Amino acid sequence: MAFDLSALLRPHIATLQPYTSARDEYMGKEGIFLDANENPFGSATETTLSRYPDPYQWDIKNSLAQLKKVNPTQIFLGNGSDEAIDLLFRVTCTPGKDKVILLPPTYGMYEVSAGINNVSVQKISLTPDFQLDVPAILAAITAETKLICICSPNNPSGNKMIREDVYEILDKFPGIVLIDEAYIDFNDEQSFTEDLSRFPNLIVIQTFSKAWGLASLRMGMAFASEELIRVLNLVKPPYNISGLTQSHVLEALQHVGKVEEMVRQILNERTRLREKLNALPFVDRVFPSQANFLLVKIPKAKSFYNQLIERKIIVRNRSNVQLCENCLRITIGTPKENHALLQALEAIHSNMS
Ligand SMILES: *Cc1c(COP(=O)(O)O)cnc(C)c1O
């Protein structure tokens, strides 16, 4: 099937002219810079932040390209992955006309972006074991469907989607398939970035917020065809990633080994916490997890949640989410934090009965 990106873009986006900033027109790093109305004396802070940052973050992209085995021009960097998701909605979906397919239970941000952009959402529930209902998804596609969002490993269920199912959707859906890999670093599954050359309708989202431990920086990545990345660059605010963020991310990229070590510890704790939770007689089920959290089914989940809060232990109550009745989503903490959690659960349970 021939892929025509321009047919998937909102008409005014397909013809939009890019804004060129001062830092676009002259890329050199040396000289007397009198082009961007910056303060020549420095900053109000001790750290000098007086110059506008690189609008396309090439230093980071060149480094990331090697790590992720893609071209620098296939990378978009956003203010959190939320920015990439929102921009994708804005460039593809005409408000009040187009629609997206979402696969609950899943990450809430897709529906928020759809709502902000007045894009209608069609929900196709995951199967009871949290896999893709491929026939139902394919049957729901209409001429107005621009986007299907797949989260793998999925939040809040923690499992990864069966790879062949994802390929079938990529093959048969003429619109764009967003694969959210926020939790890719917590399992051995290969990234869908390896399939970018095969599927021009694929966009893969990753983040620095989880395994890299940089949630406060707000830094997300999108990987796609050069053509689609060009469109995202066209609509982003010119300086969407601050200079401070860029320098911190560049520093982080020098410490991949530290990330691997933290991930190893989180995976060890995931195994240990899972075993300990399974050993608690009042816990119904701990779902298998490929991520840095566990979905735990426990009778009276709401009550456990509230009493954990009284003990200053905060987990996520997912009881009201479909297929997640009586489920808590628990992030893997340090050994000490996980120990405190387990003790609190036992204490709450013995007070209940
Ligand atoms: C945490 C998370 C993200 C990360 O969002 P950022 O805006 O990059 O912090 C993205 N997708 C899913 C499914 C997540 O759980």
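**Exercise 1.** In this predicted model, determine in which sense strand β1 (residues 75-78) and β7 pair, and over how many bridges.

*Solution.* Step 1: β1 and β7 pair in the antiparallel sense, and 4 bridges join them. Step 2: to place one of the residues, take I75, whose bridge partner in β7 is F223.

**Exercise 2.** Find how strand β6 (residues 202-207) runs relative to β7, and which residue of β7 stands opposite V204.

*Solution.* Step 1: β6 and β7 run antiparallel, joined by 4 bridges. Step 2: V204 stands opposite F223 in β7. Step 3: F223 is thus listed with I75 and with V204.

**Exercise 3.** Decide whether the faces of strand β7 (residues 220-223) are covered or open.

*Solution.* Step 1: in a regular strand, side chains alternate between the two faces of the sheet. Step 2: in β7, G220 and A222 lie on one side, with M221 and F223 on the other. Step 3: buried means under 20% relative accessible area. Step 4: G220, M221, A222 and F223 are all buried, so both faces of β7 are covered.

**Exercise 4.** Describe the surroundings of the ligand: which residues come nearest, and which polar side-chain atoms lie by its oxygen atoms?

*Solution.* Step 1: there are 13 residues around the ligand, and S81, Y183, T207, K210 and R218 come nearest. Step 2: the shell divides into 4 nonpolar, 5 polar and 4 charged residues. Step 3: a polar side-chain atom lies 2.6 Å from a ligand oxygen atom in S81, 2.7 Å in S209 and 3.2 Å in K210. Step 4: the ligand taken alone exposes 390 Å², of which the protein buries 93%.

Note on methods. Residues numbered from 1 in each chain as written. Predicted model: local features only at pLDDT ≥ 70, side-chain atom pairs only at ≥ 80, totals over all residues. Heavy atoms only, no water. Near = heavy atom within 4 Å. Polar contact = N/O pair within 3.5 Å; in protein donor to acceptor, adjacent residues only side chain to side chain. Areas by Shrake-Rupley, 256 points an atom, 1.4 Å probe, with all protein chains shown as cover. Nonpolar A, V, L, I, M, F, W, Y, C, P; charged D, E, K, R; others polar. Buried < 20%, exposed > 50% of the residue type's maximum accessible area, 1.4 Å probe, protein only. Helix = DSSP H or I, 4+ residues; strand = E, 2+ residues; numbered from the N terminus. Pairing = 2+ DSSP bridges.
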